[in-house]
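User: I would like a close look at the interior of this protein, and at how its packing and its cysteines are arranged. Please take me through that part in one connected account.

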Amino acid sequence: MTPIYAKTITNFNLLAQQIKKCSMVKELESVYASMIKTNANQDCFSMNQFITACSIFHRIDYAVLAFTHLQEPNVFVYNAMIKAFVQSYYPVQALDCYLDMSRAQISPTSFTFSSLVKACSLVSQLGFGESVHGHSWRHGFDSHVFVQTALVDLYGNAGKIVEARRVFDEMPERDVFAWTTMISVHVRTGDMGSARQLFDEMPERNTPSWNAMIDGYSRLRDVESAEFLFNQMPNRDIISWTTMIACYSQNKQYREALAVFNEMQTNGVSPDEVTMSTVISACAHLGALELGKEIHLYAMEMGFDLDVYIGSALIDMYAKCGSLDRSLVVFFKLQKKNLFCWNSIIEGLAAHGSAEEALAMFNKMEREKIKPNGVTFISVLSACTHAGLVEEGRERFLSMSRDFSIPPEIEHYGCMIDLLGKAGLLEDALELVRSMRMEPNSVIWGALLGGCKLHRNLEIAQVAVNELKVLEPNNSGYYTLLVNMYAEVNRWGEVANIRATMKELGMEKTCPGSSWIEMDKKIHQFAASDKSHLDSDAIYTLLVELDWQMKLSGHVPELGSVSF
């Protein structure tokens, strides 16, 4: 090696180190200026480093400018440029760059195709992906694990499961990432049978493959299978714990979700923002205010930023746990608020009966240029229902489609029927039901029946019950409500007839209501006629005593309600 050549290599290595040390765009500009002076902007190694740095700083314009001035780029520079385009979300330009590379008769490498496959995923046009697949085959990468795995993922994301499986099955060698990718494709389509078969056939399993399976079962609400795999895992990462917590929470097993969170802490695994927001949400559904406050404090002590995810979860939790003031404090402390934050506070105000404040918050949200969605209007219409603001509710309901192009869904119709029913406008409510653009479900007819019960309208109540008989033939609740309505007006013949019908159909209340209370940082669940609690004997003794004291004080039960 000649001294001049060795000195040149040393200079280029020093230049590469300078590029890597750049922490600001201005420093990168300065380095490039010196590259032009020393003609290093024509060196492929240096240009590779520079284009990569431009991508990190999100200055794709600098990368393109430098690339166009390079007279003879090699495959490594082309790869860096293609990758930079993909990372900057310019997939079409990445594909164009590959075409230029082909015209220059520069042979691609496996890194070329891995970036091109990602570009095809961003374009969302399967034709491009199929073309890239053909090019990879022609250039001899049909057996390259890295490229073929990327193609499996590409076809899977495009919903082409057969093609994805064909690529996977034809791979002569598969590493653990290839197996995990194919399993994830099956999981995304809900085909847990095929996913489980591959999982059982894997020569070796990594943590992402376990996580994918647990997530798949969670999506199908198969808690038992998810729980079984979670308990079998040899190693768990933050995704494993969070997925299992979310699985329990999504299936309304909130106490189990909190138990897994506690176990996670015991194992020394630090939660992330997703974990914290999921756990806070579990506290909200349990009404566990003290526990929620502790987790809020824990999040602050762990250095979590009050971002939109944790913020919206805290707003919702405090509101659901009855602490509206704390909910408002969190909301106003948030520096950035997205739609979820606004929805949470509007819903909280509505649920607490603060209708005027909820509507004022909605108006403030509009002034902040935050576009509402369907969930927002459910909260707004609920606020109108709580306050009996019929005309306001009608106007907001019409405004959805007129001003925001949001078509009313069945939940919005349910809110409106509830509003009209509680206001005694039962004819209007029935007319709205019959004008719905979708088939009314049991919630719709149930809301109408509730209004009929409130205003003792037996005629429309019978219409609602007739519909509910078809939709939910085994639900005794609607029959019981109708029985109570007839009993209130002393029409005992109809009461006897409905009771006989229920007996003939073998109806009984199979799903007793349940509730939770929080005591000494523990959640206690109670269900009607349940004796599983450790202190059930003492609880029922106290209930008998309370009943006796109520009778002594002159309380007379309302005999019109004859539930059974």
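Analyst: This is a predicted model, and a good place to enter its interior is Asn79, which lies in helix H5, spanning residues 75-87. Asn79 counts as buried because its relative accessibility is 9%, under the 20% limit. Leaving aside neighbours within four places in sequence, the residues in contact with Asn79 are Met101, Thr109, Phe111 and Thr112.

The largest nonpolar core has 171 residues, and those that touch the most other members are Met35, Met47, Phe50, Ile51, Ile183, Ile417 and Leu448. Helix H5 supplies the largest share of this core, with nine residues. Phe50, when residues up to four places away in sequence are not counted, touches Ile19, Leu28, Tyr32, Met35, Tyr62 and Ala66; one of these partners, Met35, is itself among the core residues with the most contacts to other members.

Turning to the cysteines, a search of the whole structure finds zero disulfides. Cys54 is in no disulfide, and the nearest cysteine sulfur, that of Cys22, is 9.4 Å away. Cys54 is also buried, since its relative accessible area is 0%. For Cys415, the closest cysteine sulfur belongs to Cys384 and is 9.5 Å away, which is too far for a bond because a disulfide requires sulfur atoms within 2.5 Å. Cys415, too, counts as buried, at 11% relative accessibility.

By way of contrast with the interior, Leu542, Leu543 and Leu546 make a nonpolar surface patch of about 270 Å². Leu546 is found in helix H31, residues 536-552, and is partly exposed, with a relative accessible area of 41%.

Notes: Residues numbered from 1 in each chain as written. Predicted model: local features only at pLDDT ≥ 70, side-chain atom pairs only at ≥ 80, totals over all residues. Heavy atoms only, no water. Helix = DSSP H or I, 4+ residues; strand = E, 2+ residues; numbered from the N terminus. Buried < 20%, exposed > 50% of the residue type's maximum accessible area, 1.4 Å probe, protein only. Contact = heavy atoms within 4.5 Å. Core = buried A, V, L, I, M, F, W, Y, C linked by side-chain atoms within 4.5 Å. Patch = residues over 30% accessible without salt bridge, like charges linked within 9 Å, V, L, I, M, F, W, Y side chains within 5 Å. Areas by Shrake-Rupley, 256 points an atom, 1.4 Å probe, with all protein chains shown as cover. Salt bridge = Lys/Arg side-chain N within 4 Å of Asp/Glu carboxyl O.
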